[in-house]
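User: Hi! I have a structure open and would like to talk through its pockets, cores and odd corners with you. Could you take a look with me?

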Amino acid sequence: MTPGIASPAEIDHWRSEFPIVNTCTYLVSHSLGAMPRKAADYLREFAETWSTRGVRAWHEGWWEVGRDTGNLLAPVLGVRTNTVSMHQNVTVAQGIIASCFTYGGPRRKIVMSDLEFPSNHYLFEGFRRYGAEIAYVPSADPVRLDLERFLEAIDEQTVLVPLSLVLFKSAGITDARAVIEKAHRVGAHVILDVYQGAGAVPMNLEAWEADFAVGGSVKWLCGGPGAGYLYVRPDLAATLEPALVGWAAHDSPFDFATGPVRYAGAPERFQSGTPNVPSLYSARAGYEIVAAIGVPAIRARSLRLTRKLIDAAQAAGYRLNTPTSDHERGGSVIIDVPNGAAVADELIRRGVIVDYRPGAGIRVAPHFYNTEAEIDHAVELLREIVEGEAIKAR
Ligand SMILES: Cc1ncc(COP(=O)(O)O)c(C=O)c1O
């Protein structure tokens, strides 16, 4: 039977699958999840296949590796099989979606929050040259989406609504279902960026009627770089024709037909060119572990650890730039202390691995392989360093 993540023995079992946790206090899974030991085995398997099978590998599994990897992710996202295609990263996946639409007519508005991850802004800004109008919705509260204002901005002129399910700076969870409901009422489509949620926060994208979802694998999925994913609602997928397209999206790629593409069915019709095979091999290890434990069990453990962290940070008098109620918060806690960047550097130097974001604070992200003792150690060290910084400033 696959171990869960409730008892100390089960936690120890999973910790033994992630070598880095024996070398430091690894609390940075919102940025780069720990590497599973098995990822190295999968990479060796890739190298061995390349070395021994050469070009025959394409027809012995490599050509289908995108579809197979997407299918491993499907239960984590709460979608059916054969709806997820694999890409290098979120930007590429968003670009493919954006290229399915036109921006010259009355429906040309793209509505985004000012709390989005920057590359979502950068990419869609580029579509102004094709006629797109970008409407940014400001949030007075930097921790939460201003839902009322956001819903108001979505209207009959709106074509796309890119929205993070979990905000990268504050870990605030957005009300995706309310946004999808409003968008559909006015004929717009929602692209959920689930990067900061997948593997940490349960989601049921098909039941939520999400049109599109994008994300990557380096964070809570522990899948490493180069394995971005794109989900498209099955009934919508059949009607879309991406302009950003390559030979892997052709119905019969090995005919090498020139001229306009004849689109394959989903998910391949959203693929570009040659799949990113080594990244897809290595990503599998993290997906398998996340799926084996189950996202609801990971979430339950994450809530226990983040609650402990929040209580300790509040007891120390630190400001939290993260929602304190569980249902509003993803897997990270953002602690704002004076000289945050320097304090984060010192934490890292002393073996507590976190990161710092300007305007937010120190991001601390326990995952299922972390322990209560590690939270205690991190907070104790944080207090010591903050106190030291305060003394220095006197
Ligand atoms: C919510 C969110 N979206 C997108 C990205 C970047 O994605 P990519 O590098 O795969 O384009 C990040 C990275 O931190 C993120 O947190």
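**Pockets, cores and loops**

Analyst: Happy to. By class, the lining of the largest pocket has eight nonpolar, three polar and five charged residues. Here Ala, Val, Leu, Ile, Met, Phe, Trp, Tyr, Cys and Pro count as nonpolar, Asp, Glu, Lys and Arg as charged, and the others, Gly among them, as polar. One caution: this is a predicted model, so local features need pLDDT of at least 70 and side-chain atom pairs count only at pLDDT 80 or more, while totals for chains, interfaces and linings use all residues. Residues are numbered from 1 along each chain as its sequence is written, and side-chain values use heavy atoms, with hydrogens and water left out.

User: Which residues lie nearest the centre of the largest pocket, and what is its volume?

Analyst: The volume is about 330 Å³. Of the 16 lining residues, Ile 173, Thr 174, Asp 175, Ala 176 and His 327 lie nearest the centre. On a 1 Å grid over the protein atoms alone, a pocket is an open set of points with protein on both sides within 12 Å along at least five of seven lines, a cavity is a set where a 1.4 Å probe fits but cannot get out, and lining residues have an atom within 4 Å of a point. Grid points are joined across faces, edges and corners, and a volume is the space filled by probe spheres set on the points.

User: And what about the second largest pocket?

Analyst: That one holds about 280 Å³ of space. It is also lined by 16 residues, with Phe 117, Ser 119, Tyr 195, Gln 196 and Lys 219 nearest its centre. Its lining divides into five nonpolar, seven polar and four charged residues.

User: How many cavities of 30 Å³ or more are there?

Analyst: One. Its volume is about 60 Å³, and its lining is made up of 11 nonpolar residues, with no polar and no charged ones. Among them are Leu 27, Leu 309, Ile 335 and Val 379. Helix 12 (372-393) and strand 13 (361-364) each supply at least two of the lining residues, and helix 12 has the largest share, with three. Helices (H or I, at least four residues) and strands (E, at least two) are DSSP runs, numbered from the N terminus.

User: OK, on to packing. Which residues touch the most other members in the largest nonpolar core?

Analyst: Leu 192, Val 194, Leu 205 and Phe 368, out of 74 residues. Helix 9 (residues 277-293) gives the most to this core, with nine residues. A second, separate core of 28 residues includes Val 90, Ile 97, Ala 98 and Phe 124. A nonpolar core is a set of buried Ala, Val, Leu, Ile, Met, Phe, Trp, Tyr and Cys residues joined through side-chain atoms within 4.5 Å. Buried means under 20% relative accessible area, exposed over 50% and partly exposed in between, with a 1.4 Å probe and protein chains only.

User: What is Val 194 in contact with?

Analyst: Beyond its neighbours within four places in sequence, Val 194 is in contact with Leu 77, Leu 165, Met 203, Leu 205, Ala 213, Val 214 and Tyr 229. Contact means heavy atoms within 4.5 Å.

User: Is Asn 120 buried or exposed?

Analyst: Buried, because its relative accessibility is 3%. Asn 120 lies in helix 5 (residues 118-125). With the same neighbours in sequence left aside, its contacts are Val 90, Gln 94, Met 112, Ser 164 and Asp 193.

User: What does helix 7 pack against?

Analyst: Its buried residues pack against helix 6 (147-153), strand 5 (158-164) and strand 6 (189-193). Ala 176, Val 179, Ile 180 and Lys 182 are among those buried residues. Just after helix 7, Gly 187 takes a positive phi of about 85°.

User: How many disulfides does the structure hold?

Analyst: Zero, where a disulfide is a pair of cysteine sulfur atoms within 2.5 Å. For Cys 222, the nearest cysteine sulfur is that of Cys 24, 13 Å away. Cys 222 counts as buried because its relative accessible area is 4%.

User: Last topic: where is the cis peptide bond, the one with omega near 0°?

Analyst: From Ala 266 to Pro 267. Pro 267 is found in the loop between helix 8 (234-237) and helix 9. Phe 256 lies in the loop between helix 8 and helix 9 too, with a positive phi of about 50° although it is not a glycine. Phe 256 is exposed, at 55% relative accessible area.
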